[in-house]
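Got the viewer open? Let's take a short walk through this one, picking out a selection at each stop and seeing what turns up.

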Amino acid sequence: MLKKAAVGLGFPVGLATDVAAAGVWLSTQGLDGVEAVLAGIGQGFVPDFGWDADGPVIHLCEAAIGRCGVSLFELLATGEVEVAVVEDADSPLLLIGLAGVVARATGVGFELSAGIGSPIAVTANAVRSPEELGGSLIGRSIRIVAADGAGGEAHADTAPIVGIEVAEPQWALVSELAARTNVPATDLSRRAGAGALLDDND
Amino acid sequence: MTVIDEAAVASDPPQAPLRRASEVMRLARLGSSFPTRLSFMRSLMRLLAAEQPVVDRSVWEIDDLGFGRAVYTVALSGHHYSLVAFSTPLNPTDRTDRVIAEAWDSSYVLFDGVPTSVDLDRLEAAVPKQEAGRYRSSDLTLSRANRSVRLFNHVVNRLAEGRQPDEQMLASVGYLMRTTAVYGNGKFGIADRTNFSNRPGMAAPFRAEMLTVWLIRGFTLDLVGHIARRRSPGTFVPLDRRLERHLGIGNATGLGMAPFLVTHPILLNNWLMAREAALARVRAVEHPDAESILRFRKLVDRARRHVAQWRVDDVVQSRRIATLETELADLDATVHASWLDRPFPWDRLVIESRRWSLETQELIVALVIEPHGDLVDELSDDMASRTVPHIDPKMTVATLREQVSEVFGWALDIDFEDETESSQFWYVSEEKLEPRLGRRYEEPGAELEQPLDVARRVQQLAGSLNRTDPACSVASFLAHHPEHRFAVVRVQTAARCPYSELRDNLIGDGCLPIDMLRAKLSFFGASKFDPKSDRWIRITLYQGAPLFDDIADPDAGFAADDWWLPVLESA
């Protein structure tokens, strides 16, 4: 549903897949992945990455995390970028989820710091100090570096989700956005689209 | 062998080269697939036969007309699972197998454990509503089935009259009820597969769904007997056991299955890899033992009789079956004793089969695998996948270009400006989210198409890659071209998993969705493929399979694993 919601807002399907995976990853950590995704895709898809590169350092202002987050971590994972500085992220929590997704794909971990407390470490299957997340990053300048060799097991098993609580308004919004990917019904579609008659039985 | 998730085992038996993906992954060949002994129903039956659980019918609250609820509980590898079944009146005008149906003859949940009466009441309020109900993580699958208009009442009437059903009719239909959906893996709030797939016995793909359908089959057999007995206790006779075994569960399948093969590339690879590795192991057998030869000869005979009983209305499929019958006779004549005595008979037969139709070639694949359980059954353990496709951001654009050429070269020459190559689009209708296929240049909605146009997207990716510095990383490329993330992950995955991609244009005039449906259904173990259009197919599941008491208390000499291509034997 999160993937469909992102596609419904105009995100390319591959990007929507990663954003949704970040929502699931956060949920496996007991965090509100749905809210994180909704915040990170709310602006809709912006084609421009919006970065300001200064050698091995990237600066992102008013960062649209749904658009740029996964690429940010991939660039850090390759070593092409050594430091990313993210200002006014629309969804700091989604940033952490995407760090987890890229850590799972690459085995490279990440550290996020906001100038207070110790850095938040994200690996393929864990985020340290989850209780401090979200609030500690909102409105702050977030500095991100790769923690090579500390990413955990690449391609690790997906942790099970026994069930998550989603607030009614959030779910209604996700459903509304996802529904934008469905094609309105027509008589022709109903009769011919599925390849079976309306009363198909034997 | 090369299976994602699992390392190759040093003690793997010898094997011939795998068939190339460029051969195996063409739609026409996949659409000629047959079930094998690695199919999911077969591996479940082997597990059940090894464990011999009793299926306990702990609840049977069914009235004289056959309406009410029932619970069947079975222990599988240390866990209890219960089919909760609801049979409800259905207005005949509402009986349709389409997803857009709102009511069904029966509905089901596979419950994790043994349900309490509170659970049953909750489920009774939800399950007959199917997609509109509310579910919990204790609900592992959700399903519904309709009675066969042709056969259900006929069987009830005959049994009530003290007679067995017409065998020809029974053989031509093959089931009492048809499932019209078997949902799993988190749909509508039911349990995610990851919640239980780590349990013993539940790792195999679609294991919960296959167990559900086997239990439904048992319920349908109980139901016809119950109604017939209640209607006329004085004259009722039970259904002959031979006929019971030949009744499976029907399934009406539409486009919903087709996108699954595209959206689960690693899983698809692992299914095909297991089957192709099995074939490769069998082809490497230089001198089969006498038992294998004898078994093979019997299976050729059975295959011929099975095909002779496979009758459909579809003109194209009827023609294919007729060709298959002729070619199987040819095969039968070819594989005489001295031919089989020469070295590598299975390899020679696979090579020899290239002169026959794809149906015959693929039947021969399943046929030569069948007598070799000791050699291949372990491969069914490798058919699941716990990983998802991922991007390697460190790869260079140059390497990615090479991968595109290597694994998607077939896609680069398609002229998508030609309307016949882009005439179709896959979409999800707002009507109960029914998957449908539209005509791009005649119908609205193409802007909302599902991403099954993999070939076109990879071709677009190739164009962008050609305009990019070859030394650039994939990470950098995708930062500027997020629209290509989907295509990049397809290419990188296909380079690692050779059987992960269907190697045909899925939006062109030449794409027949039933080929995709049959490919998937053959891995379930389905047979008697009965196309109703180019995108709708009926099949039979568990025909010839063991019954509940065949598992719990088999007759002496009963072979629980010997029901490949079942035949209704004469009395």
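Start where two domains meet: in this predicted model, seven residues of domain 2 of chain B touch four residues of domain 3 of chain B. To get both on screen, select 63–201 plus 224–254 of chain B for domain 2, and 397–496 for domain 3. Their C-alpha centres sit 41 Å apart.

Now show the surface. Together, domain 2 of chain B and domain 3 of chain B bury about 460 Å², with 51% of that on carbon and sulfur atoms. Which three residues should you colour on the domain 2 side? Pick B:Arg98, B:Val99 and B:Ile100: they provide 77% of the area that domain 2 of chain B buries against domain 3 of chain B, more than any other three residues.

Next, switch to sticks and zoom in on B:Glu131 and B:Lys432. Their side chains form a salt bridge, 3.1 Å from N to O. Between domain 2 and domain 3 of chain B there are two salt bridges, and five residue pairs are in polar contact. Colour the touching side of domain 2 of chain B by residue type, and you'll get four nonpolar residues, three charged and no polar ones.

Last stop: hide chain B and bring up chain A as a cartoon. You can trace seven helices and six strands here. Going along the sequence, the order runs α-α-α-β-β-α-β-α-β-β-β-α-α. Of the 202 residues in chain A, 50% are buried. Looking at chain A contacts between residues at least 6 apart in sequence, 72% link residues at least 24 apart.

Technical notes:
Residues numbered from 1 in each chain as written. Chains lettered and ligands numbered in written order. Predicted model: local features only at pLDDT ≥ 70, side-chain atom pairs only at ≥ 80, totals over all residues. Heavy atoms only, no water. Domains from an automatic or database assignment. Contact = heavy atoms within 4.5 Å. Buried area = accessible area lost by both parts, 1.4 Å probe. Salt bridge = Lys/Arg side-chain N within 4 Å of Asp/Glu carboxyl O. Polar contact = N/O pair within 3.5 Å; in protein donor to acceptor, adjacent residues only side chain to side chain. Nonpolar A, V, L, I, M, F, W, Y, C, P; charged D, E, K, R; others polar. Helix = DSSP H or I, 4+ residues; strand = E, 2+ residues; numbered from the N terminus. Buried < 20%, exposed > 50% of the residue type's maximum accessible area, 1.4 Å probe, protein only.
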